[in-house]
Structure formats: structure tokens, C-alpha cells
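Q: Could you take me closely through the salt bridges of this model, with the partners in each pair, where they sit in the chain and how far they are open to solvent?

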Amino acid sequence: MHQKLAFSTNAYLRFSFAEAVRRLAAIGYRGVEIMADVPHAWPAFLLEEQKQAIRDSLKNNNLAISNINSFMMHAINDSRQRYWHPSWIEPDRHYRQIRIDHTTRALTLARELGAPCITTEPGGPVEPGGSWSAALKLFVEGLKPVLDHAEKEGVLLLVEPEPGLLIETCDQFLELMKHLYSPAVGMNFDIGHAYCVGDDPATSIPRVAKHIRHFHLEDIAATRVHHHLIPGTGAIDFAATLKAIRAINYQGWITIELYPYVDDPDEAATLALQRITKILATL
């Protein structure tokens, strides 16, 4: 089975983009997911020469872009949770607008860099005591103009279900899709996230196959606690999962996402590539 494996630069927070790319190419990856955030590519303050430096780094290391990750927002660094806020469903519309503007800029950056898609959070956490359906409505209203922009830019906007946020499960994602009619919207299927919320990845993939445009891959412990682990150190059945991906005839990228491993990203990236490549060879 021929599968395109990429690695996310969000594990390389302590390295420049150029150095992260150099290391990932040396390890043997063919693609990278670029973090649209500090320190790599925060779209709001990216000079033309910095964009060119990103293109040059990729070209010099013969790497493609699998995805642009606009989920994380370290640059804002909200004290509650530095990735999720501001979310699409903040009570304050001005704060909410920061997420909307960031996503719009990330779509333009994706076009400028030649990336096929960007990923975003699935709404954000619902306020304590808040209504799920009211939050869904707010999310949909926020997405609509951004999806118009995605269509103009020719880039896909992928919603990534996440434990603890508005859209966690495949069922909830399918509910969201009933309200969106843009050809630019799709799903980033995160294998670990599905496992966390009790959606067995191997049986869930065919249920949402028509929406999947990109995969994130990491392992999760048997406790189903949301903590990204190197494949082979958790409880996910990757042989069954990769078989399910092959069965839907998916031709795109699988990006390994191991952002907790900032202390030694090279080791995490190396082990993950070895283990997943080995499983793919047996299919």
C-alpha cells in the first residue's frame, strides 16, 4: 500500500520552520503539515520574504505540504486553553471574530503556499450550561462567509472533531454537514480523537468517508484520555484503521501529529514513521 505520510511541525515549536523541515526530510518524510501559528507561520504577520523562505525550505528538502493547521492559536495564548480560544462560538462576537479572521488569513496563506487544505477546530467548547444547538447555529453562521472565501481561494476548509469541543463524534459531524452546502468544506479525520470519544476509527471511517479530505494520526492510551502518543505506545489498532483507509480508496495525506513531544520531536517522528511504514507494508 502506497501512502503519503507527513509530520506536523507543531512538535517542532523549539525550532525554526527551516530547521524542522530539514530534520523531517532527513528522517524520511515526504510531506509536512505547517502550523499557521507562532513560531512557524502566523498568517497575520507573515512578510512576503518569510513566505518565500517557507517555499524555499520545502523545495530544497523536496517536501510537499499536507495541510496547514490553523486549529492552534498559541499566538493569542488565552489563559484558559492556548489552542482553543478564541473559538468559533465565543460569547463575545469581537473575540469570536479573531478566530474567523485567522481562518480567513490561513486560507489565503494556503493558496499562496500551494497547500490543498487547512484544518480548524470544531466550534470550540460549549459554555457551561449552554445549549449545544444554539452553539451549532453560531458555528454554522461563522463558517459560511469563511467557506465563501475558501471557495474563492480554491482551498478546502476541514473541520476536525475534537474531544471536549462542540463537534466530538462522527454523528455530530454529520449533523453539522446538514447545515453546510459549500464544496469547500470537508473533514479532517483525527484517528486518535475518534478513539477518545468511542468512535472506533476502523468502523467510523466508512461512515464519514465522503467528507474526509485529510487524516491526523497518533496513538491514544486504553483509558481514551486525550493525550497524543507515538504509534505503538497506545491502544489503537492501526492495522485495522489503515485497512479502512485503503478500503475507501483514500489517496491523500496522513499527517502524524505528535505535538506533546517538543522535548524530542526527532525521536517521536522517527519511531512513528518506522512503525506506521511497517504496518503499511503488511497490508
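**Salt bridges and their surroundings**

A: At 12% relative accessibility, Asp78 counts as buried (under 20%, with exposed over 50% and partly exposed in between; 1.4 Å probe, protein chains only). The model is a predicted one, in which local features need pLDDT of at least 70 and side-chain atom pairs count only at pLDDT 80 or more, while totals for chains, interfaces and linings use all residues. Residues are numbered from 1 along each chain as its sequence is written, and side-chain values use heavy atoms, with hydrogens and water left out.

Asp78 meets the side chain of Arg80 in a salt bridge, with 3.0 Å from N to O (a side-chain nitrogen of Lys or Arg within 4 Å of a carboxyl oxygen of Asp or Glu). The two partners fall into separate classes of accessibility, since Arg80, at 47% relative accessibility, is partly exposed, whereas Asp78, at 12%, is buried.

Across the whole structure there are 13 salt bridges. One of them joins Arg14 to Asp263, whose closest N and O atoms are 2.6 Å apart. Arg14 belongs to the loop between strand E1 (4-8) and H1, and Asp263 to the loop between strand E8 (253-256) and helix H9 (265-282), so this pair ties together parts that are 249 residues apart in sequence (helices, H or I with at least four residues, and strands, E with at least two, are DSSP runs numbered from the N terminus). Both ends of this bridge are exposed: Arg14 has a relative accessible area of 57%, and Asp263 has a relative accessibility of 65%.

A further pair lies within one element. Arg22 forms a salt bridge with Glu19, and here the closest N and O atoms are 2.7 Å apart. Arg22 and Glu19 both belong to helix H1, where three residues, or about one turn of the helix, separate them. Each of these partners is partly exposed, Arg22 with a relative accessible area of 43% and Glu19 at 23% relative accessibility.

The pair in H1 is also part of a wider arrangement, for Glu19 and Arg22 are linked with Arg23 and Asp266 in a network of salt bridges. Taken together, the pairs followed here include one between residues of two loops, Arg14 with Asp263, one inside helix H1, Arg22 with Glu19, and one with a buried acidic partner, Asp78, held against the partly exposed Arg80.
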